[in-house]
Amino acid sequence: MSTSMAKVTVKFHGLIMDKDVGRAEENEVTPGTTVRAVMELFVRRHLASLREESLSGDSGKLWETHVVMLNGIGLVPEKQLTTEVKEGDNISIFLPVSGG
Amino acid sequence: MPYFFSLLRVDLTQRKFREERIDESMILKFLGGRGLGAKILFDELEPTTDPLGAENKLLFLTGPLIGTGAPWCVKYTVVTRSPLSGTILMSLAGGFFGPRLRCTGYDGLIIEGRSEESIYLWIDRGRVEFRKASHLWGMTTEECQEEIHEELREPRVQIACIGPAGERAVRLACIISGRRAAGRGGAGAVMGSKNLKAIAVNGTRKVPILEPQGFKELQMAIRKEVPKTDRLKVFGKYGTPKNLLLVNERGIFPTRNFQGGMFEGIGQVNHTEQQRRVIRFVTCHACPVACGNLTRAAEGPYKGITTEGPEYETFWAFGAQCGNSSIDAIIAADRLCDQLGLDTISTGNSIGFAMECMERGLLKQEELDGLDLRFGNHSAMVEMIRRIGYREGIGDILAEGVQRAADRIGKGSQNFVMHVKGLELPAYDPRGAKGMGIEYATSPRGGCHERGLISRETFGAAPYLDPLSIEGKGAVVKEAQDETAVLDSLGVCVFPPHSDGMDIEDIAGLLSFVLGKSITPEELMEAGDRIWNLERLFNTREGFTREDDALPARLLKEPMPEGPAKGHVVELDQLLDDYYLTRQWDSNGIPTPEVLDKLGLAQEGRSVHLHGKGDC
């Protein structure tokens with residue numbers, strides 16, 4: 001089973017002050033895991049810090065507000081739900097779009 | 001029609017002034033600010049007027065929502081013919097000057113002629129004074145404002161002024177009020193050419209709101225939503241620099257004069273690094289978001305220098321564009337530009353261009369008076385700003401703008417000079433955001449992102465829009481441009497509407513209560529379309545055609561070397577065909593008689609003799 005695990009990197013850009021610029025975390029997930037599921041894993045790990053920043057609401061549901069990219073390409077929420085990750089994928093999470 | 005707006009026409013040559021009234025029909029058609037300015041300049045300015053001659057006019061205009069207390073209704077607009085691009089120029093600034101100008105009893109100023117000696121204007125509760133400015137000439141914008149405050153001893157006075165760059169007719173010169181800049185296109189040079197150092201305004205007039213109760217309820221309802229809106233909260237905390245990491249990751253962050261789209265120094269130049277240096281937040285008049293940050297440099301030779309900002313564009317201009325990853329140097333560069341009265345985008349772009357010239361051997365160190373202007377050399381970058389502001393050495397050439405500088409330097413440098421119509425490009429690479437290519441090519445003042453920014457394409461806001469596709473981009477850009485023309489003309493900050501803060505229906509509602517008559521969102525959008533077309537007519541009359549809706553060769557011929565847009569160039573011809581069709585312009589980019597008739601601009605169209613027969 002372990003031989004089929006996929007390594008996926010989650011990069012988070014300025015979501016948590018002083019802790020995270022360019023920081024990347026590697027996750028080992030089973031094949032068939034969706035982008036959304038990887039993000040949920042990330043949120044569970046960092047929920048306290050995210051709440052401290054008060055930027056993601058109480059729910060920590062980043063996918064409802066934040067910008068998510070897979071290998072540099074923007075993913076709409078529907079695609080986050082259904083896109084399955086594979087070995088070597090990079091997921092980037094950014095603060096919500098605002099200003100200009 | 002009853003009058004609604006009152007303008008002060010000032011003749012600097014004769015030292016005369018008079019009040020003129022603008023009737024309501026003009027406001028309904030052109031809204032105010034940018035739109036009204038386009039109408040006045042179109043009607044009054046002779047074609048091919050020298051932008052730096054006495055005949056050019058310099059308009060300071062507000063809109064009917066300015067000073068009402070409604071959130072984000074704050075910006076004044078400077079309208080003139082640009083000395084940088086030769087197009088019509090609209091340059092906007094927030095802060096407090098606009099609302100205070102309206103309190104004087106005048107909703108705007110039309111400045112004409114040229115004073116023989118340096119002066120400043122003092123407008124206080126309807127009273128107008130021409131005051132000597134010889135003691136202010138040579139001062140930085142900060143010193144000038146401090147000195148005028150000292151002289152007038154009126155705590156509520158607001159001042160718009162130029163620095164040494166404007167005095168020397170540097171074509172990159174801006175107008176500064178407080179620490180806010182009417183930045184782009186060289187309005188500061190026009191002001192300097194008129195020997196007008198500053199305009200100080202004060203007043204207590206309450207601006208008219210014909211249905212105050214409805215207005216109050218609506219604006220309070222808009223304000224109540226602010227603390228509940230995630231995107232506004234994020235924007236309030238970080239301001240525009242929040243977008244640095246995102247735009248870089250999308251591969252459209254121009255690096256080293258657009259040679260790449262991803263900056264390796266982004267880890268040192270981003271919003272979290274800025275937050276470590278923030279002293280306090282800064283706000284404009286009546287703003288519940290307060291996106292500005294007063295920032296202090298933390299390390300090295302710049303330690304202790306403070307600035308209001310820098311904002312996204314300035315972080316780029318003196319960061320990635322110059323290959324510089326010292327955030328403290330960017331803070332110093334921003335402050336110096338404000339003091340000298342220089343547009344940060346154009347200045348940073350120009351220095352990045354000179355750096356590429358040097359690295360390619362087109363500019364020798366001796367031509368730079370010994371300055372080692374390599375990419376990443378931030379001390380040379382900061383020194384170069386000073387030389388541009390004072391027109392010293394090579395700075396005198398760059399002070400003419402990057403297009404003229406490339407013509408002067410020659411040797412093929414025209415192939416990598418990054419401007420449209422002479423206005424230096426800002427901080428997005430359209431090879432990875434194709435709609436931005438149309439926006440750069442067609443913006444009325446030249447290479448500008450702000451007159452039709454598409455958040456969906458540039459930042460990935462919902463609903464999804466493929467940044468690399470050219471499909472349907474003409475219509476998307478047109479809508480963004482028309483909406484921005486509305487926001488600009490009413491003096492509404494463009495950021496909250498990009499952040500769920502206020503939409504076109506809210507704005508129509510506010511305007512309806514102010515004017516005491518129903519204005520629909522559709523009527524506003526049509527006004528935006530009208531304003532865009534009138535500005536196009538102005539430029540057409542000046543001789544601009546499709547050939548001028550161009551992009552730098554680098555963006556058309558050199559594929560993006562990295563990131564998500566790797567391999568892409570801008571398919572400009574196809575994009576323009578689609579855009580012109582959407583706008584109902586002909587294949588040369590000239591508005592057709594049909595669209596001008598529909599928008600009530602038939603007379604203006606005829607006056608341009610667009611089709612040689614006077615039939616449109």
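Domain bounds, as I use them here, come from an automatic or database domain assignment. On that basis I split chain B into domain 1 (3–202), domain 2 (232–424) and domain 3 (430–500 + 520–607). A reminder to myself: this is a predicted model.

**Entry 1: chain A**

I started with chain A, where I find 3 helices and 5 strands. Reading along the sequence, I get the pattern β-β-α-α-β-β-α-β. I looked up burial next, and 53% of the 100 residues in chain A are buried. Its surface comes to about 4600 Å² exposed, with carbon and sulfur atoms supplying 50% of that. For contacts between residues at least 6 apart in sequence, I noted that 56% join residues at least 24 apart.

**Entry 2: where domains 2 and 3 of chain B meet**

I then turned to domain 2 and domain 3 of chain B, whose centres are 25 Å apart over C-alpha atoms. I see 29 residues of domain 2 in contact with 35 residues of domain 3. Together the two domains of chain B bury about 2400 Å², of which 61% is on carbon and sulfur atoms. Which residues of domain 2 lose the most area to domain 3? They are B:Arg250, B:Val420 and B:Lys421, which together account for 28% of what that side buries.

For polar features, I find 12 residue pairs in polar contact across this interface and 2 salt bridges. B:Lys421 turns up again here, in a salt bridge with B:Asp549 whose closest N and O atoms are 2.9 Å apart. The elements that give two or more residues to the domain 2 side include helix H8 (230–238), helix H13 (344–359) and strand E16 (419–420) of chain B. H9(B) gives the most to that side, with 4 residues.

**Entry 3: salt bridges elsewhere**

Over all chains I count 60 salt bridges, and I picked a few to look at.

B:Arg125 meets B:Asp124 at 2.8 Å, N to O. Are these two buried or exposed? B:Asp124 counts as buried because its relative accessibility is 5%, under the 20% cut-off. B:Arg125, at 43%, counts as partly exposed. Both belong to a network of salt bridges that also links B:Arg127, B:Glu129, B:Arg131, B:Glu151 and B:Glu154.

B:Glu526 and B:Arg530 pair at 3.3 Å. I placed both in helix H21 (residues 521–541) of chain B, 4 residues apart, about one turn of the helix. B:Glu526 is partly exposed at 36%, while B:Arg530 is buried at 8%.

My last pair was B:Arg554 with B:Glu558, at 3.1 Å. I noted B:Arg554 as buried at 1% and B:Glu558 as partly exposed at 35%.

Key
Residues are numbered from 1 along each chain as its sequence is written. Chains are lettered from A and ligands numbered from 1 in the order in which they are written. This is a predicted model: local features need pLDDT of at least 70, side-chain atom pairs count only at pLDDT 80 or more; totals for chains, interfaces and linings use all residues. Side-chain values use heavy atoms; hydrogens and water are left out. Buried means under 20% relative accessible area, exposed over 50%, partly exposed in between (1.4 Å probe, protein chains only). Contact means heavy atoms within 4.5 Å. Accessible areas come from the Shrake-Rupley method with a 1.4 Å probe; for residues, only the protein chains shown count as cover. Buried area is the accessible area (1.4 Å probe) that two parts lose on being put together, summed over both. A salt bridge is a side-chain nitrogen of Lys or Arg within 4 Å of a carboxyl oxygen of Asp or Glu. A polar contact is a pair of N or O atoms within 3.5 Å; within protein, one must be able to donate a hydrogen and the other to accept it, and residues adjacent in sequence count only if both atoms are side-chain atoms.
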